[in-house]
Every structure is written in structure tokens, then in C-alpha cells.
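Here are my notes on the model you sent over. I've kept them to numbered points so you can go through them with the viewer open.

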Amino acid sequence: MEKVRLGDIYSISSGGTPSRKNLEYYSGGTINWVKTGDLKKKYIEETEEKITDKGLYNSSTKMYNPGTVLIAMYGATIGETSILNIKACTNQACAAFVKNNKVIPEYLYYFFKSNKEKFVNAGIGGAQPNISIGYLKNVIFNLYEIFEQEKIVDKLNKLEEIIDFRKKQIEELDELIKSQFVELFGDNKFSKTKICNIIDTNIIKTKKRFKIGEKIKYIDISSIDNLKNEIIRYTEYSVGEEPSRAQQCINQGDIIISTVRPNLKNVAINKFEYDNVIASSGFCVLRAKDCLKEYLLEIVKSDEFTADMVSLTTGANYPAIHTSDILNYEVMLPPIELQNQFAELVKQIDKQKFIIEKSLKETEELQESLMNKYFGE
């Protein structure tokens, strides 16, 4: 193995964006045009947008062949990477590494994946952090012989297959919960009531429960995993030093919904047993009283609820809803027996998900350790 600069072994370039003012560059286009938002999976088989021949020839974008490895250089997507499985051109935010006979595309893909945090930290700029082609050319790369690269890629591919399979299992279990919810409650035969009528609205303020100097665990929007609908982290403060928004004392089982950008579905249930968890005032707190928390959580996770909340947002730069929008939202109130049936189903599925998520985490950690071994400095 030798250490080389990427610029010494790769032709690296970026593309461009045909003028949006000229509809002829886009309308009816058949040429795949990659933006950083397309760098979601290992292989790119299709692009969200396409351009025309005129768009290609009247802009700085370039056509690349399958096997080209792309990495995002700008904004929130810095470090995202994919391999072209199709002929495509790109915008200026993608750096393209043209396939050569020294490096297997999948080997470079895993190298980028392993070093994503490094690229993110290298991003410069405030509103639009970025890395450049000049920066990428100077990145030090562990270059193994092709046969060694093949062995490394084979190991990492096998782990990635397991990871993808586990993620698919979790998605299928989540879909099972949704389908069972619809089956039990989807015929609208139950009476309706507002959310405020089935919850405890008496949420104690931080300063009323805790004294100066006592420790609290603060939850804000960044604490939420909006895919798992769980609180995954908190920040500890001493009362008196906490952020001004640290105002709401929440209990285990409370549901919190971000009132900012509801389209992002920052909804979670508090599973912590601690009695000093404090939620930001940017959340609406739902403490189930005359319904089960599992039933209420599924409602506020639903696409229908999200769409209704999005329709109520105000403010262009900081779109938000009011807590009252959530509290006045009408929901069905089925018999508690049916809610219990649904809650028991969720409980059983959650047990299965826990086992699968544990296996997923172990596999991801193994893959990460191997990538560190092969691609670390």
C-alpha cells in the first residue's frame, strides 16, 4: 500500500447548471443531470431532473460514464457520495472522479464514506460551507493493489448488504404499524374530539420544579431522530445557566412535536426514565390522558397530520405553527379496547425492532472499524 494524493491518480472535475431562465434546457429533457440531492444511495440509477441536448451544450456541465464516483462539495450534503450506474452530467456542486485502471469505483466510494466527517469539518464558509476540487486533489489516499482493493470491497459490500437488509426490515415493521392503524381505525366510524380534550395540558415550567444549580437534561430540535421518532440525545445544564427556551418539564411517555418546520416531522416520544428532562418551548408537549400514547403518537406521525400542519404554517424564512394549531386538531376517539389492541401490537413490533436495530448498529460499527483500518491515516 502506498499513500498518494487523489489529484495524482484521478481526473477530477465538476459540472454546471444550465440557465433556469431557458425552458428549452429542461423541458422534455432526457439527459440525466445529477444534483447533490441525488447522492442518496450507493449507485445512481436515475436522477430527479433531466436536461436537453441544448442544456448540455450551452452550459458548463459535463457528461460522465458509469463508474464515475461523485462526491458533494457544498452545503448540508458535503461528503455524500455515489457511483454512477448510468451516463449522466452533474451540477457544479458535485465533484466527479472519472474511472481509471488504478482504483475500483467501490473502493473510492468506501474511502469517501469513511472520511465524510473529515470532509464536513473541512467545509469552509458560513451560509454555504464547501470543499473544493483543489482541496480534494490534495486528500491523501491509501492506494492498494487492485487485488487487495477487491478483497476490501468484497468485505465491505457484504456488510453493506446486511445493513441494507436490516434497514428494510425496520421499514417493513413501521409499515406494518401504519397498516394495522388504518385497519383498526381507518373507517371514520368513531366520534371526534380535539387533542386538547384528551391530554393533560398542565406542563410544569422548569423554574417551578427545580432550584438554581440543580441539573437538568435539555432537549431541543437537534435532539430528535425524526426517522425513529425518538429523543436520542440531551444537553446537561445547571438551572440558572440553561437556554431561555428550556422551559417545559416532560415525563416518560410524553410526545413532543416541533412547532417549527412541521414538514420535517420532528416528532418524538420521551423514553427516558429521568425526572429532570426539559423540552424547548419550541415543542408542543402532548401528555396522553384520555387516550393511549401509542395511539396518539401514530396520529401525529401520520402524513395526514403533517400535511394539515404544513398548511397552517406562517412565516417564509422561519415557517412555524402555533401550539394551539395542534391542540385544536380533531382526532377520532375509538374505544379504549381497540386502542389497547393497537398498543399491544406496537409493543410486540417494538421488541422485534429493538433486536434488529441492535444487529444493525453492531454491523454498522463493524463496517466503520474496517473502513478505519483500511482508510485511516
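1. Let's start with a pair you can check quickly: which residue does Lys158 form a salt bridge with, and how far apart are the closest N and O atoms? The partner is Asp154, and the closest N and O atoms are 3.3 Å apart. Both residues sit in helix 6 (residues 146-185), and because they are four residues apart, about one helical turn separates them. Asp154 counts as partly exposed, at 39% relative accessibility.

2. Some context before going further. Bear in mind that this is a predicted model. The protein has 377 residues, 47% of which count as buried. Its secondary structure comes to 11 helices and 22 strands. The C-alpha trace spans about 65 × 50 × 40 Å along the principal axes. As for the accessible surface, the figure is about 20000 Å², with 49% belonging to carbon and sulfur atoms.

3. On contact order: take the contacts between residues at least 6 apart in sequence, and 76% of them join residues at least 24 apart.

4. Back to charges. Side chains of opposite charge can pair when their charged atoms come close. The salt bridge count for this model is 18. Another one to look at is Lys353 with Asp174, where the closest N and O atoms are 2.7 Å apart. This pair links distant parts of the chain, with Lys353 in helix 11 and Asp174 in helix 6, 179 residues apart. What about burial here: is Lys353 buried or exposed? Lys353 is buried, at a relative accessible area of 11%, whereas Asp174 is partly exposed at 23%.

5. Then there is Glu49, which forms a salt bridge with Lys35 at 2.7 Å between the closest N and O atoms. Glu49 belongs to strand 5 (residues 49-51) and Lys35 to the loop between strand 3 (31-34) and strand 4 (43-44), so the pair ties together parts 14 residues apart in sequence. Both Glu49 and Lys35 are buried. If you set up protonation states, this is the group I'd pull up on screen: Arg20, Lys35, Glu48 and Glu49 are joined into one network by salt bridges that share partners.

6. Now helix packing. Two packed helices are described by the angle between their axes and the distance between the axes. Helix 3 (residues 105-114) packs against helix 11 (residues 336-375) at about 105°, and the axes are 10 Å apart. Angles of 65 to 115 degrees count as roughly perpendicular, and these two helices are therefore roughly perpendicular to each other. On the helix 3 side the contact is made by Tyr107, Tyr110, Phe111, Lys113 and Ser114, and on the helix 11 side by Gln367, Met371, Asn372, Tyr374 and Phe375. By class, those contact residues are six nonpolar, three polar and one charged.

7. Helix 11 has a contact with helix 8 (residues 293-301) as well: their axes come within 8 Å and cross at roughly 80°. That crossing makes helix 8 roughly perpendicular to helix 11. Which residues meet here? From helix 8 they are Glu294, Tyr295 and Glu298, and from helix 11 Gln339, Phe342, Ala343 and Val346. The contact residues divide into four nonpolar, one polar and two charged.

8. If you want a distance to check your coordinates against, try Lys178 to Asn372: C-alpha to C-alpha they are 38 Å apart in space, and 194 residues apart in sequence. Lys178 is in helix 6 and is partly exposed, with a relative accessible area of 38%.

9. Last, a couple of backbone angles. Asn229 has a positive phi, near 55°, in a residue other than glycine. Asn229 is in the loop between strand 14 (224-225) and strand 15 (230-231), and is buried, with a relative accessible area of 11%. Arg261 is not a glycine either, yet has a positive phi of about 45°. The loop between strand 18 (255-258) and strand 19 (267-269) holds Arg261, which is partly exposed at a relative accessible area of 31%.

Notes: Residues are numbered from 1 along each chain as its sequence is written. This is a predicted model: local features need pLDDT of at least 70, side-chain atom pairs count only at pLDDT 80 or more; totals for chains, interfaces and linings use all residues. Side-chain values use heavy atoms; hydrogens and water are left out. Axes are lines fitted to C-alpha atoms, for helices over the stretch in contact, and angles run from 0 to 180 degrees between N-to-C directions. Angles under 35 degrees count as roughly parallel, over 145 as roughly antiparallel, 65 to 115 as roughly perpendicular and the rest as oblique. Contact means heavy atoms within 4.5 Å. Ala, Val, Leu, Ile, Met, Phe, Trp, Tyr, Cys and Pro count as nonpolar, Asp, Glu, Lys and Arg as charged, and the others, Gly among them, as polar. Buried means under 20% relative accessible area, exposed over 50%, partly exposed in between (1.4 Å probe, protein chains only). Accessible areas come from the Shrake-Rupley method with a 1.4 Å probe; for residues, only the protein chains shown count as cover. A salt bridge is a side-chain nitrogen of Lys or Arg within 4 Å of a carboxyl oxygen of Asp or Glu.
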